[in-house]
Amino acid sequence: MGRGSEMVGDEIVLRVENIHKRYKDQEVLKGVTFEVRRGETKVIAGPSGAGKSTLLRCINLLTKPDKGRVWLEGVELTDPETNINKMRQKIGFVFQEFNLFHHLTALENVMIGLTKVKKLPKDVARKKAEEALLTVHITEDLWHKYPAQLSGGQKQRVAIARALAMDPVIILYDEPTSALDPQLVGEVLRVMEELARKGVTGLVVTHEIGFALEVADEILFMYGGRILERGPPREVVFSPKHEVTRKFFENITKLYGGK
Amino acid sequence: MGFWEEFIPLVLHGAVNTLWVLVISIPASVALAIALGSARVYGNAPIKAIATAFVVTFRGFPLVVTLFLLFFGLADLGIYLTPYQTATLAFVLCGGSYMSEYVRGAIRSIDIGQSLAARALGMTKFQELIYIILPQAIRRALPGLSNEIIYQIKYSSLAFVVGYEEIFAVSKTFISRYFMPLQVFMVDAALYLAMTTAAAYGLRALEYKLRIPGLEMSIR
Ligand SMILES: Nc1ncnc2c1ncn2[C@@H]1O[C@H](COP(=O)(O)OP(=O)(O)OP(=O)(O)O)[C@@H](O)[C@H]1O
Ligand SMILES: [Mg+2]
């Protein structure tokens, strides 16, 4: 079990039920069901094309699922009556390619959601943004730099601060370290781990086995648009039920040198 | 009174009239261009269709035809525009339509990730456009817009066809009295060159001021 587990309550904050998604004649998600409890960190792993990114985007409806339902704190996001923009404020999203706003400084990137979406007064937003940046170890000397002036690791930490500052119910991470140079991966994983320890709920698509073993409460192994196998990290990684799962983690361990 | 004593005040009066149209028509063209370009990418189907039809129409008409339509055509329908109003409106319709294509292209060139990140924060499509996409797109469109602005300064001479007393109109009248076309048109050319050069410098300074540190290649 991950060490974050002492923070995990019984309250389910995210429920995903029977999600289906098809692109033309290719069925990318074939009925995915799981739930995330408050304070929990769940890792999703699986081979390329398994549908991991599509699944994350179906959760905050950046992609519309064809079938199935999603609830956040009991509110059904997939209900057409639900104000999705309002609900998205509560779902942090961290992208593989960072997607910081190029024309805004680090501080402004974190502030804009607070001022324009949450409509907080500027000074309150600024205070909150500064706190979030300090939490991800972005120090004051970097606050007024533009994304193009930051390293990959710094960019991704600013992106995490941007999500965190909104006080989200959950943060979704889509391969947050895959675009980084190996020596920068550690600083981002460390921040994610610290957040998990503080009880920030997370759903993380990653191939970082070390992170999964140390931090995750559960691994969902996706294969061909389904959750093929799920369970405590050690079980899924070291003694999986399926041959494909075993092969996958064997290859990953070789590639990433998991602990 | 000699030629110069008479011509210089007259042509300067024309230049003031020219500028008086441009100070309205250039900002208004840019504003219209941003609205049309945005509507053609972000609008729903009917808005897109209307914006596209608008651009195709006013980009398709020769400017002279637009000027005549607004001046004589509308008069036929009982709407009387002054030469000043006609010229300003025609330049805005024509310039805005041309410029909108630079804006549309710039919007489409923005990485989809910027849009996804905005939506993921809970922004509406409109907030995404205003706060995230346009500030970046306008910067990219600026060199193209500058080109059109310089065109507009030069094509403002066409306002003479509806009897607006701008630089070219007063010069033509003047030549019919003193037949000195070389001197007259040299002065006109110098005035237009001064205006376009000033605009070019101003726009370049704006481009420099709006640059995003670290992101763009140096423009100086
Ligand atoms: N917008 C789209 N249009 C068409 N097909 C798509 C689209 N997005 C994803 N797909 C397809 O859906 C499948 C799953 O893609 P997805 O990005 O969810 O996989 P993934 O598990 O995240 O893979 P990776 O590890 O490479 O990121 C792929 O075969 C992909 O080609
Ligand atoms: Mg992916």
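**Ligand 1 and the interface of chains A and B**

In this predicted model, the residues around ligand 1, each with a heavy atom within 4 Å of the ligand, are Y23(A), Q26(A), V28(A), P47(A), S48(A), G49(A), A50(A), G51(A), K52(A), S53(A), T54(A) and E175(A). Residues are numbered from 1 along each chain as its sequence is written, while chains are lettered from A and ligands numbered from 1 in the order in which they are written. Local features need pLDDT of at least 70 and side-chain atom pairs count only at pLDDT 80 or more, whereas totals for chains, interfaces and linings use all residues, and side-chain values use heavy atoms, with hydrogens and water left out.

By class, this shell holds 4 nonpolar, 6 polar and 2 charged residues, where Ala, Val, Leu, Ile, Met, Phe, Trp, Tyr, Cys and Pro count as nonpolar, Asp, Glu, Lys and Arg as charged, and the others, Gly among them, as polar. In chain A, β2 (26–37) and α1 (52–59) each supply at least two residues of the shell, and α1(A) gives the largest share, with 3 residues; helices (H or I, at least four residues) and strands (E, at least two) are DSSP runs numbered from the N terminus.

Several N or O atoms of the protein approach oxygen atoms of ligand 1. An N or O atom in the side chain of S48(A) is 2.5 Å from a ligand oxygen, a polar side-chain atom of K52(A) lies 2.8 Å from one, and a polar backbone atom of G51(A) is 3.0 Å from one. Taken alone, ligand 1 exposes 640 Å², of which the protein buries 60%, with accessible areas taken from the Shrake-Rupley method with a 1.4 Å probe.

Turning to the two chains, 24 residues of chain A are in contact (heavy atoms within 4.5 Å) with 22 residues of chain B. Together the chains bury about 2,100 Å², 67% of it on carbon and sulfur atoms, buried area being the accessible area (1.4 Å probe) that two parts lose on being put together, summed over both. Within chain A, the residues that lose the most area to chain B are F101(A), H102(A) and H103(A), which together account for 29% of what that side buries.

On the side of chain A that touches chain B, α2 (84–88), β6 (91–94) and α3 (106–117) of chain A each supply at least two residues, and α3(A) gives the most, with 4 residues. This side of chain A comprises 11 nonpolar, 8 polar and 5 charged residues.

Terms used:
Polar contact = N/O pair within 3.5 Å; in protein donor to acceptor, adjacent residues only side chain to side chain.
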